[in-house]
Amino acid sequence: MEPIANNTNLHFVRELNQYIRKNKFMLAYSGQFSHVMTKSILSLAEKKLDDDKAELNTKKKVVNIMIECMQNICSNGRREENNDALFMLKKEFNGWQIISGNTVKQNEVEPLREHLDLINSQDKGLLKKTYTDTMKGVNVSAIGEAGLSMIDIAKKSGNKLEFAFTPIDNDNSFFSLQSSVKQEN
Amino acid sequence: MEKNSDIENNYLLHKKMKEHNISLIYAGDFNQEIAKSVLSMTEKNFDSEGVDSSVKKKVFNIMVEALQNICKHQQTDINDENTTPIFIVGNDEEGVIVISGNPILNSKIQLVKDKIDKVNSLDKEGLKQFYKEARLNSTISEVGGAGLGFIDMARKSENKLDYSFEYINDSISFFILKSKVLNAVSV
């Protein structure tokens, strides 16, 4: 059967829906991250996790990672006077994936990459030590506050962090950070 | 870990959302708690964007209708993995948009299309009249009657409802409904 009323202006909704299905995401917010907004996103995500029967410990981890991600975005925003960013929550086969994305300056890319590579090279015990050292002010990374929260995300997730820098223009890149939490049985 | 092609798509999605002035996408089944959260989140978003309170009220009514629409359809006999209901909120300098998308049986398309076309053909007075008649004639048991919902949305938005039915397979299509509330013109 041919569609009897296909409106090309709205075709993007179907495209988005296909993208969503393919990537199994359930929530995406793009815009300014104010304090109240952050709280509402968290509350919606919590409801969704309840609906999906996330085990309490798993839910706690996901929410904690979400908070760190959004704090990252907010602290980045304060510097840049523009915290136009992306936040997503995805359902995976046996867990959840938390994704944040924001614009960073080109000169921030290398320090971020080095820091994330370092985090990914460390096992649980070493991560804990790096975290304590950073807290104490020993070994503070070039990226400051954000550095600490990324270690925290890695600790909570228990999995390697995935990241990408997509060039936007000569001065800026889009920094995506993905972490996953497996459902505990 | 870097240069994962999947992860590069995040930026594309961000761009796509910006391009269509979308701030929130929710995909999946709805229950009352989730619907409440979506509503509250949109409210917070409007506060930070400085949306006029009369506009806010109208958008709220439309969102409730749109969410009800989705809920109603998710309870019907369509249980296809290929279709996920979707709910979108966005705003640009003109006003606020609310979009819902959900699967619909092909056999029901003509009926729904006729209802929306009828609503779109009426002016403000006509809509008011039609609403009264529809309310008197509707019965509670009427599943998917929804004529009232469309009339109400059109009245609140004061704009034509935009819609599309996108073919999925021989039994179902994807029904997209968009309404827009224009910002109050300051005098």
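Trainee: What span should the 14 residues of helix H5 (residues 124-137) of chain B have, at 1.5 Å a residue?
Mentor: Helices (H or I, at least four residues) and strands (E, at least two) are DSSP runs, numbered from the N terminus. The expected span is 1.5 Å times one less than the number of residues. In H5(B) the end C-alpha atoms are 20 Å apart, which agrees with the expected 20 Å.

Trainee: What kind of model is this?
Mentor: Residues are numbered from 1 along each chain as its sequence is written, chains are lettered from A and ligands numbered from 1 in the order in which they are written, and side-chain values use heavy atoms, leaving out hydrogens and water. Local features need pLDDT of at least 70, side-chain atom pairs count only at pLDDT 80 or more, and totals for chains, interfaces and linings use all residues, for this is a predicted model.

Trainee: Which residues of H5(B) are buried?
Mentor: Buried means under 20% relative accessible area, exposed over 50%, and partly exposed in between (1.4 Å probe, protein chains only). The buried ones in H5(B) are B:Gly126, B:Leu127, B:Tyr131 and B:Ala134.

Trainee: Why do they sit on the same side of H5(B)?
Mentor: The arc is taken from the directions from the helix axis to the C-beta atoms. They sit on the same side because they cover an arc of only 135°.

Trainee: Which exposed residues does the face turned away carry?
Mentor: Look away from the buried side of H5(B). There you find B:Glu125 and B:Leu136.

Trainee: Which helices do the buried residues of H5(B) pack against?
Mentor: Contact means heavy atoms within 4.5 Å. The partners are in chain B: helix H4 (106-121) and helix H6 (147-157).

Trainee: Which strands stand at the edges of the sheet?
Mentor: Two strands pair if DSSP finds at least two bridges between them. The open sheet has 10 strands with antiparallel pairing, in the order E4(A)-E5(A)-E3(A)-E2(A)-E1(A)-E1(B)-E2(B)-E3(B)-E5(B)-E4(B). Each edge strand has a single partner, so one side of each is left without a neighbour in the sheet: these are E4 (162-167) of chain A and E4 (162-167) of chain B.

Trainee: Over how many bridges do E3 and E5 of chain B pair?
Mentor: B:Val98 stands opposite B:Ser179 in E5(B). Strand E3 (residues 95-105) and strand E5 (residues 172-182) of chain B are antiparallel, and the count of bridges is 11.

Trainee: How many helices and strands does chain B have?
Mentor: From the N terminus on, the elements run α-β-α-α-β-β-α-α-α-β-β. That comes to 6 helices and 5 strands.
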